[in-house]
Amino acid sequence: MTQPLLTLSRDQLTDWVQAQGQPAYRGQQLHNWLYQKGARSLLDISVFPKAWREEFAHVPIGRSTIAHTSIASDKTRKYLLTLADGAIVEAVGIPTEKRLTVCVSSQVGCPMACNFCATGKGGYTRNLKAHEIVDQVLTVQQDFQRRVSHVVYMGMGEPLLNLDEVVKSLHSLNQDVGIGMRSLTVSTVGLPRRITQLAKHQLQITFAVSLHASNQGLRKQLIPSASAYPLKALLADCRTYVETTKRRVTFEYILLSGVNDSPAQAQELANHLKGFQSHVNLIPYNPISDADYQRPTTKRITQFSNVLKKNHIENSVRYSRGLEANAACGQLRTSQAVAPV
Ligand code: SAH
């Protein structure tokens, strides 16, 4: 298949139009139509000569089609998107007064099999290409008729298993779509060597690591891949990340009642993170159908947060949006058949 146009930079698009016998300024026009106006086909680009549009109508842009949308009462919208090969991924649009955040998938399914996560229970199909990630952002932007301000790579998949395409998509979101690097967040469960590899790209993105446990024994129980990546090694790589990029690390910690939410575990976590340039996001667990974890009480959540505070570990409690549309963290899963919109 011909390489889709999405993720090509302004210069690359200019080269491409020139190679097709068009003047250079058409490159800038094409860039604008792809990334700002959301053209889905070259036929849409009304400023181009009709005969030329028709001649190149077959050139793929790389856009998905919306198979299904569900909207939660908090206005969060979840999308099931059909890709060129028929695979389906989920993206979520999360609006607030000041922000429109898109939660993007980086893979179709996920091979990590974390036992509290719905995606992990649905199996793995393939990595996404960079244009398939950028498309999710453009799709949400068009549907909300509002500019996307933030993107979090917290949908389906493990971004660091797809590092090259994820990095390519970050550059395109920044330079082509126009979203600030600091407003792009990559979240990972952590994989040996990959965190330091990402650090070498020296991106000014927000980097988040899904920790979820205060010791290696517990982490292994929750996250199978942690067996091959001891907590000490993971934290050492996070320190290298901070030194290399001069950016702090965000640690995500899902609170599971009676499993990892005791004050003693909060203290254990604090001991690991003392003096570390980091921020802890405490995420009360979102229930999924085939895991029997529970969300802790508010009192217990506050207690955990207070132990961290006493130890001078900066932290905040984040309730995910979109719970009842199954659009919250850990609830994305599309193995079932999808009815058209
Ligand atoms: N694979 C990446 C990104 C996808 S998951 C990662 O692991 O970070 C995004 C976040 O949602 C992770 O912190 C993940 O652990 C969390 N999550 C997964 N299942 C959840 C659930 N049921 N409730 C709350 N958060 C969940």
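Two strands are said to pair if DSSP finds at least two bridges between them, and I would like to begin there, with strands β7 and β8, which run parallel and are joined by 3 bridges. Before going further I should say that what we are looking at is a predicted model, and please keep that in mind through the whole talk.

Let me stay with β7 for a moment, which covers residues 150-153. In its pairing with β8, V152 stands opposite T185. The side chains of this strand leave in two directions, with H150 and V152 pointing one way and V151 and Y153 the other way, and all of these residues are buried. On the subject of partners, β7 also pairs with β4, again in parallel, through 3 bridges. In that pairing C103 stands opposite V152, while the bridge partner of T101 is H150.

That brings us to β4 itself, which spans residues 100-103. Which residues of β4 lie on each side, and are they buried or exposed? On one side we find L100 and V102, on the other T101 and C103, and all of them are buried, which leaves both faces of the strand covered.

From β4 we can step back along the chain to β3, because the two run antiparallel and 4 bridges join them, a count that satisfies the requirement of at least two bridges for a pair. Within this pairing V92 stands opposite C103, and P95 has L100 as its bridge partner. The two strands form a hairpin, with 4 residues between them.

Now β3, at residues 88-95, is a good place to reason about burial. A residue counts as buried when its relative accessible area is under 20%, and 7 of the 8 residues of β3 are buried, so the strand is largely enclosed by the rest of the structure. Its other hairpin is made with β2, with 5 residues between the strands, and in that turn G86 has a positive phi of about 90 degrees. Strand β2 covers residues 77-82, runs antiparallel to β3 and is joined to it by 6 bridges. If you would like one position to find on the screen, look for L81, which stands opposite V89 in β3.

Let us turn to the ligand. The space it takes is the largest cavity, and two elements, β8 at residues 184-188 and β10 at residues 249-255, are those that give two or more residues to the shell around it. There are 20 residues around the ligand, and those that come nearest are S187, S210, H212, N286 and G330.

What distances separate polar atoms of the ligand from E158, T188 and N286? For E158, an N or O atom of the side chain is 3.0 Å from a nitrogen atom of the ligand. For T188, a polar backbone atom is 3.4 Å from an oxygen atom of the ligand. For N286, a backbone N or O atom lies 2.9 Å from a nitrogen atom of the ligand. Taken alone the ligand exposes 530 Å², and the protein buries 95% of that.

I will finish with three residues outside the strands, where we can apply the same burial terms again. L191 lies in the loop between β8 and α7, and with a relative accessible area of 11% it is buried, because buried means under 20%. Its C-alpha atom is separated by 18 Å from that of T119, which is 72 residues apart from it along the chain.

H201 is also in a loop, this time between α7, at residues 194-200, and β9, at residues 206-210. Its relative accessible area is 37%, and it is therefore partly exposed, since that term covers values between 20% and 50%. H201 and H68 are 133 residues apart in sequence, and their C-alpha atoms are 36 Å apart in space.

The last of the three, H171, lies in helix α6, at residues 163-177, and counts as partly exposed at 33% relative accessibility. Between the C-alpha atoms of H171 and T185 there are 13 Å, for two residues that are 14 apart along the chain. T185 takes us back to where we started, as it is the residue of β8 that V152 of β7 stands opposite.

Conventions
Residues numbered from 1 in each chain as written. Predicted model: local features only at pLDDT ≥ 70, side-chain atom pairs only at ≥ 80, totals over all residues. Heavy atoms only, no water. Buried < 20%, exposed > 50% of the residue type's maximum accessible area, 1.4 Å probe, protein only. Near = heavy atom within 4 Å. Polar contact = N/O pair within 3.5 Å; in protein donor to acceptor, adjacent residues only side chain to side chain. Areas by Shrake-Rupley, 256 points an atom, 1.4 Å probe, with all protein chains shown as cover. 1 Å grid on protein atoms, 1.4 Å probe; cavity = no way out; pocket = protein on both sides within 12 Å on 5 of 7 lines; lining within 4 Å. Sits in = over half its atoms within 2 Å of the grid points.
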